[in-house]
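Visitor: I would like a close look at a single part of this protein, the place where its domains meet. Please take me through that part slowly and explain each term.

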Amino acid sequence: MPLQPTDKIWMDGELVAWEDAKVHVLTHSLHYGCGVFEGIRAYATSRGPAVFRLGDHITRLFNSAKIFMIDIPFTYDEIVDATKTTVRVNGLVSCYIRPIVYLGYGEMGLNPLPCPVNVSIAVWPWGTYLGDEGVEHGVRMKISSWKRHDPNVMPPAAKGTGMYINSSMAKLEALKSGYDEAILLSPQGYVSECTGENIFVVRDGVIITPPVSAGALEGITQDSVRTIANDHGFGYREDNLLRSDLYTAQEAFLSGTAAEIVPIRSVDDREIGEPGPVTRKIQEVFQAAVRGEVDRYKNWNDYVDG
Ligand code: PPE
């Protein structure tokens with residue numbers, strides 16, 4: 001689906017018109033992929049739009065930047081405020097939010113140190129990432145021939161722009177082969193994550209997800225799944241998973257800000273089937289929580305209008 005333009009984009013402290021939010025072709029990050037970003041969502045609630053776990057996302061943005069030694073020229077509070085302002089001025093009740101920190105125009109060459117650090121925040125309406133059909137009946141997954149990053153080649157804890165070439169290639173391979181989405185294995189052969197989502201299997205009522213050491217991003221939605229699972233009496237643990245654990249899973253699902261909670265209906269043509277009760281319950285509670293309907297999770301809702 002083509003991007004749906006909104007009114008304003010926050011760029012380096014100013015709100016500029018959507019069509020004027022441009023960068024020079026010699027922007028450092030365009031050539032070398034050195035930048036960090038976040039994916040956040042704001043949801044419609046009875047008290048107006050609420051950004052989901054905003055503080056956690058901005059903390060991860062600063063941590064990603066720290067890993068690459070990118071010095072963000074704004075404080076945590078300034079970025080939090082700018083995010084809310086951008087949602088507010090665009091008048092959207094719900095939206096996807098994309099903050100990006102990148103090395104700008106100035107010097108060329110691999111040394112990142114002389115480059116200016118630029119920050120932008122854009123928002124736009126974004127529906128279901130993996131399709132309505134996928135949310136309802138599950139997506140068909142393919143294990144990619146591309147491996148996830150080795151932690152000493154690319155740091156999985158960082159949400160670095162250039163790191164997503166790996167995800168793009170896996171996505172391309174899956175789509176060209178007729179599947180909805182890819183699963184990547186770590187260089188050691190354990191299940192890591194999907195191109196832009198964490199992965200879970202359910203076995204005898206216990207939800208199992210790969211540990212960060214298998215190379216996955218520490219997902220904020222994944223952490224919400226952990227909390228919801230603990231609060232609803234499901235077992236939850238992090239453990240290494242083999243591809244055969246996916247093939248024999250009783251239920252499997254994925255989680256991410258863009259994707260939300262999506263059931264997996266098959267992996268490499270091994271049928272898992274229609275979404276099971278654990279997946280459905282997690283989906284249902286998550287959808288209520290993001291909309292500010294669950295008292296217990298109120299601290300996850302950051303209201304844009306104060
Ligand atoms: N793994 C990867 C590689 C990843 O990119 C994401 C988010 C996750 C796990 C889940 O993290 P969290 O959103 O905190 O639960 N991917 C973002 C970008 C997706 C995109 O296509 O762009 C997102 O979901 O916003």
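Guide: The protein is divided into domain 1 (8-124) and domain 2 (132-290), with bounds that come from an automatic or database domain assignment. This is a predicted model, in which local features need pLDDT of at least 70 and side-chain atom pairs count only at pLDDT 80 or more, while totals for chains, interfaces and linings use all residues. Residues are numbered from 1 along each chain as its sequence is written, and side-chain values use heavy atoms, with hydrogens and water left out.

Taken over C-alpha atoms, the centres of domain 1 and domain 2 are separated by 26 Å. The contact (heavy atoms within 4.5 Å) takes 21 residues from domain 1 and 20 residues from domain 2.

The size of an interface is often given as the accessible area lost when the parts come together. Here domain 1 and domain 2 bury about 1,700 Å² between them, and 64% of that is on carbon and sulfur atoms. Buried area is the accessible area, found with a 1.4 Å probe, that two parts lose on being put together, summed over both.

Next come the polar links. The count between domain 1 and domain 2 is one salt bridge, a term for a side-chain nitrogen of Lys or Arg within 4 Å of a carboxyl oxygen of Asp or Glu. Asp 223 forms a salt bridge with Arg 53, and their closest N and O atoms are 2.7 Å apart.

Across the interface of domain 1 and domain 2, 13 residue pairs are in polar contact, both residues being at pLDDT 80 or more. A polar contact is a pair of N or O atoms within 3.5 Å; within protein, one must be able to donate a hydrogen and the other to accept it, and residues adjacent in sequence count only if both atoms are side-chain atoms.

On the side of domain 1 that touches domain 2, at least two residues each are supplied by β3 (35-37), β4 (40-43), α2 (54-67) and β6. The largest share of that side, five residues, comes from α2. Helices (H or I, at least four residues) and strands (E, at least two) are DSSP runs, numbered from the N terminus.

By class, the side of domain 1 that touches domain 2 has ten nonpolar, six polar and five charged residues. Ala, Val, Leu, Ile, Met, Phe, Trp, Tyr, Cys and Pro count as nonpolar, Asp, Glu, Lys and Arg as charged, and the others, Gly among them, as polar.
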